[in-house]
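Hi everyone, thanks for making time today. I'd like to walk you through a structure that may be new to you, so please have a look at it with me.

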Amino acid sequence: MADSTGTTLMDLITSDPSSTSSTSSQSTPAAPPPSLPSQTATVAASASTDRKKKGTLMQIQSDTISAAKAVRANIMPQKQKKKPVSYAQLARSIHELAATSDQKSSQRQLVHHVFPKLAVYNSVDPSLAPSLLMLDQQCEDRTVLRYVYYYLARILSDSGSQGVSSGGGIPTPNWDALADIDAVGGVTRADVVPRIVDRLTSEALNEDVEFHARRLQALKALTYAPSSSSEISQKLYEIVFGILDKVADTPQKRKKGILGTKGGDKESIIRGNLQYAALSALRRLPLDPGNPAFHHRAVQGVSFADPVAVRHSLEILSDLATSDPYGVAMGLGKLVQPGGALQDVLHMHDVLARVALARLCHSISRARSLDERPDIKTQFNSVLYQLLLDPSERVCFEAILCVLGKVDNAERTEERAAGWYRLTREILKLPEAPSAKDSNSESKDAAPSKSSKDKSSKTRRPQPLIKLVMRRLESSFRSFSRPVLHAAARVVQEMGKSRAAAFALGLQDIDEGAYVNTFPENNDSYDQDHNETSHPEGIRRVSSISNATGAKDTIASLLASLMEVVRTTVACECVYVRAMVIKALIWMQSPHESFDELESIIASELSDPAWPAPLVNDILLTLHARFKVLRAG
């Protein structure tokens, strides 16, 4: 586009604004007064003017875009892709920044540019240990120290055979092999591990209150040392037992402050932190069933104030109970009784602690070595059954699997069959004695009203286990959470396996058409008849199911109601949930029922090309295993 003087839009953009404005003012004459032509000439002139304006506007738009691109290319620099930082550059930066005198600047670079990038590699060069130890000695910044302890722990835990760890990450070479072939003589793990262990040991033994946070980090890093070294393990045992000797003497109640934070003064907070750190370290150490001190400290941790410490204690005891259930049961003693620490765990907010409690109670209540102590087995059985009422799906499902005899992959067919028998025959009656927390609160408050007593008595009526389990599973299958749906379907699958095992072994007294036990609201006479039995906590196994006139639920009706809800879950859009539901349907299929519906569901699902091949293979293996059990029965 050009005007009458021959100046284009590009000339106007690139020229001097002052000269351009003066030139345009001189070259633009005053418009003459308009004349009054005829109507036809006016229409033709206006159409010609519109076409010229349209062409002018399009030309201006095109020139403007071109000019903008040219200005951007000249003014704005192009973003250059950053080259990836190599491992050698990161290691060199750590050595240089650790030796620099400007600590603030070096620490800032380490936190923001070096340490986070080094974490993506799957192993750490042992030659970094001297610089890391230098930072540990000189630096006070908490963020830098966290990284230092983290990398020291990785150097201790790195097996180093091929420079590959199970955690994944960018592959790195075998540092020890490179150090051996280095002409100057490189640094190997054997050179630095003793120095790291000595430094961390001295810090873990430092009882200074101002050094408390670093003491916890040092103890945690020290637990990553290889367990094959008996010398290091012995040092860890001494440190952990020394800490527990000082922090485990005073019993503390688990308290909660405002907004759910732990209350208490600084001393109690430090004590709780040391309890957590010591039991966390003890959890990482190898089990030592023959060590009385190890056993005693694990039992002692159940009464600690820190809930995570209690969780680690229960996990240790659960592992010990698989090999020595009698010793664990005798060690726990009064803790399982009403008002004991194990009863308080039922009300803890830590889900994993209650999961570990379920496994512990299952191992002890099913131990053959405790057959001569049915009172102890019944107490742990009572705690396990109370976990069926837990508000967390994970805890409730774990308790159901324990009842069914599914704890690990080594369960026997007899145990699975006995699990189905327990589920369909046993009755849960919650213990009437309150816990220690409840007794203290009741002593301070006034007596409860009659209505609250009536309500609590109704909730504590004896209830069949199968009824509790079926109601909970039906509720879970109405959830919108895919993990909950998947876990519920897995529980139904394991229930089907236990049911199939019971039929395969031909257990007597399994009539799914009989009525489930129900009790009237006024059950005083029932309690009086059973108070002097060998089941003081109200866990009773009946020999046969009563055909009461008021009972309407049967095992078959409860199963039918559950399976109706399970079948609706096949419509879930997640293919993994659908696969687990199909496996549950396969195992819950009775040999007396028609296979047409199940066959239709499997055929319609497996025809979908979106199914991954491993899931299809899993379904076929499940079918094979199910029909194998049918043939055995």
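Let's begin with a question: which residues line the largest cavity? Before I answer, please keep in mind that this is a predicted model. The lining consists of Leu97, Ala98, Thr100, Gln103, Ser106, Gln107, Leu110, Leu135, Gln138 and Cys139. The volume of this largest cavity is about 70 Å³, and the structure holds three cavities of 30 Å³ or more.

Where do those lining residues come from? Three helices, α4 (87-99), α5 (103-118) and α6 (129-138), each supply at least two of them. It is α5 that gives the most, with four residues. Sorted by class, the lining of the largest cavity has five nonpolar and five polar residues, and no charged ones.

Now let's move from the cavity to the largest pocket. About 960 Å³ of space lies in the largest pocket, and 32 residues line it. Which of them lie nearest its centre? Those are His362, Ser365, Arg366, Ala367 and Glu415. The elements that give two or more residues to this lining are α14 (307-323), α17 (351-365), α18 (374-386) and α20 (413-425). Here the classes come out as 14 charged, 10 polar and eight nonpolar residues. So please remember the cavity lining, with no charged residues, next to the pocket lining, with 14 of them.

Next, some helix packing. Two packed helices are described by the angle between their axes and the distance between the axes.

We have already met α17 at the pocket, so let's start there. The axes of α17 and α19 come within 9 Å of each other and cross at roughly 10°. The two helices are therefore roughly parallel to each other. On the α17 side, the residues that meet α19 are Val351, Leu352, Arg354, Val355, Ala358, Arg359 and His362. Facing them in α19 are Arg394, Val395, Glu398, Ala399 and Cys402. This contact divides into seven nonpolar, one polar and four charged residues. You may recognise His362, which is also among the residues nearest the centre of the largest pocket.

From α19 we can go on to α23. How do α19 (residues 393-404) and α23 (residues 465-476) cross? Their axes come within 12 Å and cross at roughly 140°, which means that α19 is oblique to α23. The crossing is left-handed. Glu393, Cys396, Phe397 and Ile400 of α19 make the contact with Val469, Arg472, Leu473 and Ser476 of α23. Five of these residues are nonpolar, one is polar and two are charged.

Last stop: α23 also packs with α24 (residues 482-505), at an angle of about 145° and with the axes 9 Å apart. This crossing, too, is left-handed. From α23, the contact uses Val469, Met470, Leu473 and Ser476. From α24, there are Val484, Leu485, Ala488, Val491, Val492 and Met495. By class, that gives nine nonpolar residues, one polar and no charged ones.

That's the tour from me. Thanks for listening!

Technical notes: Residues are numbered from 1 along each chain as its sequence is written. This is a predicted model: local features need pLDDT of at least 70, side-chain atom pairs count only at pLDDT 80 or more; totals for chains, interfaces and linings use all residues. Side-chain values use heavy atoms; hydrogens and water are left out. On a 1 Å grid over the protein atoms alone, a cavity is a set of points where a 1.4 Å probe fits but cannot get out, and a pocket is an open set with protein on both sides within 12 Å along at least five of seven lines; lining residues have an atom within 4 Å of a point. Grid points are joined across faces, edges and corners, and a volume is the space filled by probe spheres set on the points. Ala, Val, Leu, Ile, Met, Phe, Trp, Tyr, Cys and Pro count as nonpolar, Asp, Glu, Lys and Arg as charged, and the others, Gly among them, as polar. Axes are lines fitted to C-alpha atoms, for helices over the stretch in contact, and angles run from 0 to 180 degrees between N-to-C directions. Angles under 35 degrees count as roughly parallel, over 145 as roughly antiparallel, 65 to 115 as roughly perpendicular and the rest as oblique. A crossing is left-handed if the near helix is turned anticlockwise from the far one by less than a right angle, and right-handed if clockwise. Contact means heavy atoms within 4.5 Å.
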